[in-house]
Amino acid sequence: MPFIKLWRAGRPYLPAGLWYGVIFLFSAQTGSSSGALSDRLAYRILRCIWPAFFHLEEAERTEILSVLTFCLRKSAHMAAYFLLAGLLMLAVRRGSPWRRARAVLLLCAVLAGLDEFHQTFVSGRSGQLRDVFIDLAGAGCFLLLWALFHQITVRRTAARQKNSSCS
């Protein structure tokens, strides 16, 4: 019986937990593996949008590639935690909507911190506080969009109720 109660309580968190597992696996890549993945993606993007890139001088290509890979890596952080915040928002069901949003932001902060701490044990990687803030920016973007849609929904519902009571 306790297992069934535990399963029912934990089941809504399963998608978020699985997604965090994916984040954890990417964090477990060595620095060289992670860098190679970012470089391959950057080269593919450059090949599609700027074929002339490959005709530039080596120093220019290196600088552009460095900036692009940095932006890709940080965008990946934001996207991963944007999705994590969405999955957690679906899982956290107790409390007012604003209390749920605060809980999700706190959970994302803890998980981002754990992820960066984990990276300190991975060869060629380092945990950085800056990345925690970038992760939280992704979660914050989701929560801002959620708050906007929530407010629109609340106002539309109130307007419909007002209109139906006036009839």
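**Helix H3, its neighbours and the largest pocket**

Good morning. I begin with the outward side of helix H3: on the face turned away from its buried side, this helix carries the exposed residues Ser32, Arg44, Arg47 and Cys48. Please keep in mind throughout that the model is a predicted one.

Let us turn the helix over. Which residues of H3 are buried? They are Ser34, Ser38, Ala42 and Leu46. Viewed down the axis of H3, these buried residues fall within an arc of 100°, so they line one face of the helix. The general background is familiar: an α-helix has 3.6 residues a turn, so residues three or four places apart point the same way. As for what lies over the buried residues of H3, the cover includes H4.

The length of H3 can also be checked. With 19 residues at 1.5 Å a residue, H3 should span 27 Å, and because its end C-alpha atoms are 27 Å apart, the expectation and the model agree.

I now take one residue from that buried face. Serine 38 sits in helix H3, which runs over residues 31-49. Is serine 38 buried or exposed? Its relative accessibility is 13%, and since the cut-off for a buried residue is under 20%, serine 38 counts as buried. Setting aside residues up to four places away in sequence, serine 38 touches Thr69, Leu72 and Arg73.

This brings me to the largest pocket. The space within the largest pocket is about 670 Å³. Its lining is made up of 28 residues, and those closest to the centre of the pocket are Ser34, Arg73, Ala76, His77 and Arg125. Two of these names have already come up: Ser34 is among the buried residues of H3, and Arg73 is one of the residues that serine 38 touches.

Which helices supply at least two residues each to the lining of the largest pocket? They are helix H2 (14-27), H3, helix H4 (58-91), helix H5 (97-119) and helix H6 (129-166). Of the contributors, H4 gives the most, with 8 residues. In chemical character, the lining of the largest pocket divides into 11 nonpolar, 9 polar and 8 charged residues.

Since H4 gives the most to that lining, I shall look at three of its residues in turn.

The first is alanine 80, which lies in helix H4. At 13% relative accessibility, alanine 80 counts as buried. Apart from neighbours within four places in sequence, alanine 80 is in contact with Trp19 and Ile23. Alanine 80 can also be placed relative to tyrosine 20: the two are 60 residues apart along the chain, and their C-alpha atoms are separated by 8.6 Å.

The next is alanine 79, also in helix H4. Its relative accessible area is 46%, and alanine 79 is therefore partly exposed. Between the C-alpha atoms of alanine 79 and cysteine 141 the separation is 9.5 Å, with their positions 62 residues apart along the chain.

The third is leucine 83, whose place is likewise in helix H4. Leucine 83 counts as partly exposed, at 39% relative accessibility. Its C-alpha atom is 24 Å from that of serine 33, and the two residues are 50 residues apart along the chain.

From helix H2 I have chosen leucine 18. Leucine 18 is exposed, with a relative accessible area of 58%. The C-alpha atoms of leucine 18 and leucine 84 are separated by 9.7 Å, although the two residues are 66 residues apart along the chain.

Finally, I turn to helix H5, where glutamine 119 lies. With a relative accessible area of 3%, glutamine 119 is buried. What does glutamine 119 touch, not counting residues up to four places away in sequence? The partners are Ser27, Arg125, Ser126 and Gly127. Of these, Arg125 has appeared before, as one of the residues closest to the centre of the largest pocket.

To close, I return to H3: its buried residues line one face, H4 is included in what covers them, and H4 also gives the most to the lining of the largest pocket. Thank you for your attention.

Notes:
Residues are numbered from 1 along each chain as its sequence is written. This is a predicted model: local features need pLDDT of at least 70, side-chain atom pairs count only at pLDDT 80 or more; totals for chains, interfaces and linings use all residues. Side-chain values use heavy atoms; hydrogens and water are left out. Helices (H or I, at least four residues) and strands (E, at least two) are DSSP runs, numbered from the N terminus. Buried means under 20% relative accessible area, exposed over 50%, partly exposed in between (1.4 Å probe, protein chains only). Contact means heavy atoms within 4.5 Å. On a 1 Å grid over the protein atoms alone, a cavity is a set of points where a 1.4 Å probe fits but cannot get out, and a pocket is an open set with protein on both sides within 12 Å along at least five of seven lines; lining residues have an atom within 4 Å of a point. Grid points are joined across faces, edges and corners, and a volume is the space filled by probe spheres set on the points. Ala, Val, Leu, Ile, Met, Phe, Trp, Tyr, Cys and Pro count as nonpolar, Asp, Glu, Lys and Arg as charged, and the others, Gly among them, as polar. The expected span of a helix is 1.5 Å times one less than its number of residues. The arc is that of the directions from the helix axis to the C-beta atoms.
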